[in-house]
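Here's a friendly first look at a protein model. Take a moment to turn it around on screen before reading on.

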Amino acid sequence: MKSKTSIVVWVVALVVIALIIIGAWFVRHGAHAPASRPASAVTAAAPASAPAIQHPIAQAASTPASASSVPLPTLDESDESVTAALARLGGGAPIGKLLANRHIIQRIVATVDALPRHELGRNILPLNPPAGDFVTTDANGQLVLASSDFARYDPYMQWARQADVSQLVAWYVHAYPLFQQAYRELGYPHGYFNDRLVAVIDHLLKAPEPQGPIALVKTDKGYAFADPALEGLSAGQKLMVRVGPANEKLIKQKLRAVRAAVTGEHGPEHGPAASSSE
């Protein structure tokens, strides 16, 4: 965790909800995201044949709201419509002020793909930094993350609380060709973004939920979790912990609902977890 004030998401303009909050932290503590198109996070070797699709997006198209006839823009011209859609879906919450102003879908796709890894590329994040400085305090001689730090995510959480998951997923289904195109351009010519999204949601749902203050240690780059088990988590799971217990619970609640909607599965809370080493 870096304490520098010059920088910082969550996932979620789909996982939008999680990306918006998770990404927010990383933008604040990482580096400024450039206005240029985000670079590919991976270079994927094309398999001999395309893998079987596990979660066809058609399974999520069971609601009339998903049957939009509005023509899609091209991927490179989609930013304005994406910002407008997310603002509408958040019930008026000021999402436009939180989002990067270019290549929003490409950034969302790249960030979703990277969350189970231990590093997030600094030029792929879809969000602007939250206000305020990183806040720590002392608890019985131990440096800990101050609970007051969680309040800096209130604007992102406002959007998350107000976003209607069924409408969000309906928009996602309609816009899915753009997400799929961005995923293939990221370096997965035979990949299927909805499958990756579900795997990443499963991974984030496995994030631990620490009880009590979260101990920190100072490093030459800022701060790190004092607990090696927490510090060894993937970037996505570490950020889930970082936003605070109440915010983490809300994010997980929304993620379970998103997962159910995009898979057409409304039984178990979530399916098999993805490995943190993905």
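Where does Asn140 lie?

## Two residues with positive phi

Asn140 sits in the loop that runs between β2 (136-139) and β3 (142-145). Keep in mind that this is a predicted model. Most residues other than glycine have a negative phi. Asn140 goes the other way: its phi is positive, about 55°, although it is not a glycine.

His103 is not a glycine either, and its phi is also positive, near 55°. You'll find His103 in the loop between α2 and α3.

## Buried or exposed?

Is Asn140 buried or exposed? With a relative accessible area of 85%, Asn140 is exposed, because the cut-off for that label is over 50%.

His103 has a relative accessibility of 9% and so counts as buried, since buried means under 20%.

## The nonpolar cores

In soluble globular proteins, nonpolar side chains tend to be buried together. Here, the largest nonpolar core has 52 residues, and the members that touch the most others are Trp171, Tyr172, Phe179 and Phe193. Two or more residues come from each of α2 (79-89), α3 (104-114), α5 (165-186), α6 (193-205), α8 (235-242) and α9 (245-263). Which element gives the most to this core? That's α5, with 13 residues.

There's also a second core, separate from that one, made of 10 residues. Among them are Leu145, Tyr223, Leu230 and Val241.

Conventions:
Residues are numbered from 1 along each chain as its sequence is written. This is a predicted model: local features need pLDDT of at least 70, side-chain atom pairs count only at pLDDT 80 or more; totals for chains, interfaces and linings use all residues. Side-chain values use heavy atoms; hydrogens and water are left out. A nonpolar core is a set of buried Ala, Val, Leu, Ile, Met, Phe, Trp, Tyr and Cys residues joined through side-chain atoms within 4.5 Å. Buried means under 20% relative accessible area, exposed over 50%, partly exposed in between (1.4 Å probe, protein chains only). Helices (H or I, at least four residues) and strands (E, at least two) are DSSP runs, numbered from the N terminus.
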